[in-house]
Amino acid sequence: MQQPLPTAGDTRWFVHDRFGLFIHWGTYTLAARHEWVKQRERIRDEEYQKYFDHFDPDLYDPTIWAREARNAGMKYFVVTTKHHEGFCLWDSALTDYKATNTPYGKDVLRPMVDAFRNEGFKVGFYHSLIDWHHPEFPVDPIHPMRDDLEYRERHKDRDIRKYAEYLHGQTRELLTQFGKVHIMWFDFSYANRQYPWGRGKGRDDWQSEKLVQMVRELQPGIILNDRLDLPESADVRTPEEYQPRGWMTVDGKPVVWEACQTFNRSWGYYRDNMDWREPDELIRTLIDTVSKGGNLLLNVGPNGRGEFDERSIERLRAIGAWMRLHSRSIYGCTAFDLTPPPDTRFTYNPAKKRLYLHLFAWPYKHVHLDGLASRVEYAQLLNDASEVKMFTVDPHQQAQNTTMGGGRSDTLILELPIAKPRVAVPVVELFLKD
Ligand code: GLC
């Protein structure tokens with residue numbers, strides 16, 4: 001299996017740990033109808049201020065968040081330090097638009113970093129390049145005030161260089177005030193998109209080259225994502241709200257990649273959203289991602305009281321129940337070089353020479369593994385370590401009544417119990433010969 005070429009960021013721990021928590025939390029949380037609510041509903045700053053004025057997550061306890069995430073089997077987290085609305089979770093010296101100035105009155109980022117770090121998590125910061133609150137962020141075709149011609153005229157002299165200075169200054173705060181930061185997740189550039197008027201923003205607006213240089217100087221080894229409009233600086237590719245068909249490549253070469261996904265198509269808390277994905281589908285998504293050599297960053301949008309709502313908790317705990325028995329088919333695993341049978345996925349731990357067959361549908365008694373006839377020393381169900389019998393069939397054997405006919409000489413056949421094990425996705429652990 002071809003491996004991605006090394007990049008400036010240290011992704012060794014990342015491609016081992018595989019599974020992370022994305023957290024989207026801000027004043028949009030109180031609107032409770034998607035983190036783009038200000039943009040979608042074209043809400044003016046004066047109107048939007050009510051969410052800031054009522055931000056008071058009195059039940060906020062990040063140790064609870066960290067424990068739920070750890071029990072779900074997650075190993076790193078990426079939190080929105082500032083989203084497109086411009087609201088900052090930490091006590092930034094560069095703005096008054098921050099949690100410390102809300103009724104809650106405190107920095108919410110520092111206790112979160114401490115709590116997750118105490119649970120052994122690697123630390124990641126999402127930081128929005130876009131800022132719909134900053135007075136020098138030019139109004140463009142995706143801005144909340146994009147259709148207000150009077151507003152656009154009044155603010156046409158905004159200076160993106162002053163905004164870039166703010167962007168760099170806050171990035172410096174985040175990378176010097178919170179200890180070791182393992183991931184910097186900027187979002188997003190849109191310079192190459194076409195609009196009826198004006199233009200999107202990209203590397204020149206953010207001064208991305210200078211920003212990347214500073215990030216790497218401040219936090220050597222940090223992993224940078226791919227949304228600065230500077231492809232050469234990316235350590236990881238970030239497909240979102242879709243699953244790649246296979247290992248992601250750039251110019252035909254495999255790259256480190258991380259799919260970021262939601263429970264319900266909204267990153268921010270969305271009270272009335274009914275599109276919640278079932279736990280079993282989320283578990284299959286995690287397996288599918290690792291089977292293609294990728295990571296999964298699964299999102300929770302905490303609510304305005306500072307809690308993971310019960311629908312999120314239910315899913316995290318269902319994933320955790322599966323991971324409790326099957327995490328060794330995820331951690332340290334990657335894609336395998338053979339195609340798995342229909343309705344299954346392979347993940348492979350090359351260090352331990354263990355192949356994992358994930359059964360998305362429970363088969364009728366047998367699974368045929370082409371190419372593995374001579375490669376497997378032992379097989380067991382991972383949930384209870386019960387042996388799975390293996391056999392091969394002479395290619396010349398004729399089928400007759402209950403006797404299976406022959407097929408390929410290199411096919412290994414597994415005989416499975418009739419009753420599906422009582423786990424979301426059963427896994428067969430195959431011990432490969434040296
Ligand atoms: C998109 C959305 C943004 C979200 C991000 C997560 O950029 O616009 O709201 O934070 O995806 O990857």
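Six bridges join strand β2, residues 76-82, to strand β3, and the two strands run parallel. This pairing is a starting point for a walk through the structure, which is a predicted model. Within the pair, T80 has Y126 of β3 as its bridge partner. Strand β3 covers residues 122-128, and six of its seven residues are buried, so β3 is largely enclosed by the rest of the structure. Strands of a sheet pair through backbone hydrogen bonds, either parallel or antiparallel. The sheets described further on have antiparallel pairing.

Several pairs of helices pack against each other. Helix α5 spans residues 62-71 and helix α6 spans residues 109-118. Their axes come within 8 Å and cross at roughly 35°. The crossing of α5 with α6 is right-handed. On the α5 side the contact is made by P62, T63, W65, A66 and A69, and on the α6 side by P111, M112, A115 and F116. Sorted by class, the residues of this contact comprise eight nonpolar, one polar and no charged.

Another pair consists of helix α8, residues 160-176, and helix α10, residues 208-218. The axes of α8 and α10 lie 10 Å apart, and the helices pack at an angle of about 15°. An angle under 35 degrees counts as roughly parallel, and α8 and α10 are therefore roughly parallel to each other. Their crossing is right-handed. From α8, the residues in the contact are L167, H168, T171, R172, L175 and T176; from α10, they are K210, L211, M214, V215 and L218. This contact has six nonpolar, three polar and two charged residues.

Helix α11, residues 279-291, touches both another helix and a sheet. The helix in question is α12, which covers residues 310-326. The axes of α11 and α12 come within 9 Å and cross at roughly 55°. The two helices are therefore oblique to each other, and their crossing is right-handed. P279, L282, I283, L286 and I287 of α11 meet E314, R315, A318, I319, W322 and M323 of α12. By class, the contact of α11 with α12 is made up of nine nonpolar, no polar and two charged residues.

The sheet that α11 packs on is an open one of five strands, in the order β10-β11-β17-β13-β14, and its pairing is antiparallel. Strands β10, residues 344-349, and β14, residues 386-387, stand at its edges. Each of these edge strands has a single partner, so one side of each is left without a neighbour in the sheet. The partner of β10 is strand β11, residues 354-359, and six bridges join this antiparallel pair. Y348 stands opposite L355 in β11. Helix α11 touches both β10 and β11, and its direction makes about 55° with that of β10.

A further open sheet has three strands, in the order β12-β16-β15, again with antiparallel pairing. Here β12, residues 366-370, and β15, residues 389-391, are the edge strands. Each pairs with a single strand, so one side of each has no neighbour in the sheet. From one strand to the next the twist averages 25°. Strand β16 covers residues 411-415 and pairs with β15 over three bridges in the antiparallel sense. K389 has E415 in β16 as its bridge partner.

Two residues outside the helices and strands complete the picture. T238 is in the loop between β5, residues 223-224, and β6, residues 249-250. Is T238 buried or exposed? Its relative accessible area is 7%; since buried means under 20%, T238 is buried. Leaving aside neighbours within four places in sequence, T238 is in contact with W185, N225, D226, R227 and E258.

The other residue, P6, is found in the segment before α1, residues 12-17. With a relative accessible area of 76%, P6 is exposed. P6 and V256 are 250 residues apart along the chain, while their C-alpha atoms are separated by 9.1 Å.

Key:
Residues numbered from 1 in each chain as written. Predicted model: local features only at pLDDT ≥ 70, side-chain atom pairs only at ≥ 80, totals over all residues. Heavy atoms only, no water. Axes fitted to C-alpha atoms, helices over the stretch in contact; angles between N-to-C directions. Helix = DSSP H or I, 4+ residues; strand = E, 2+ residues; numbered from the N terminus. Left-handed = near helix turned anticlockwise from the far one by under 90°. Contact = heavy atoms within 4.5 Å. Nonpolar A, V, L, I, M, F, W, Y, C, P; charged D, E, K, R; others polar. Pairing = 2+ DSSP bridges. Parallel < 35°, antiparallel > 145°, perpendicular 65-115°, else oblique. Buried < 20%, exposed > 50% of the residue type's maximum accessible area, 1.4 Å probe, protein only.
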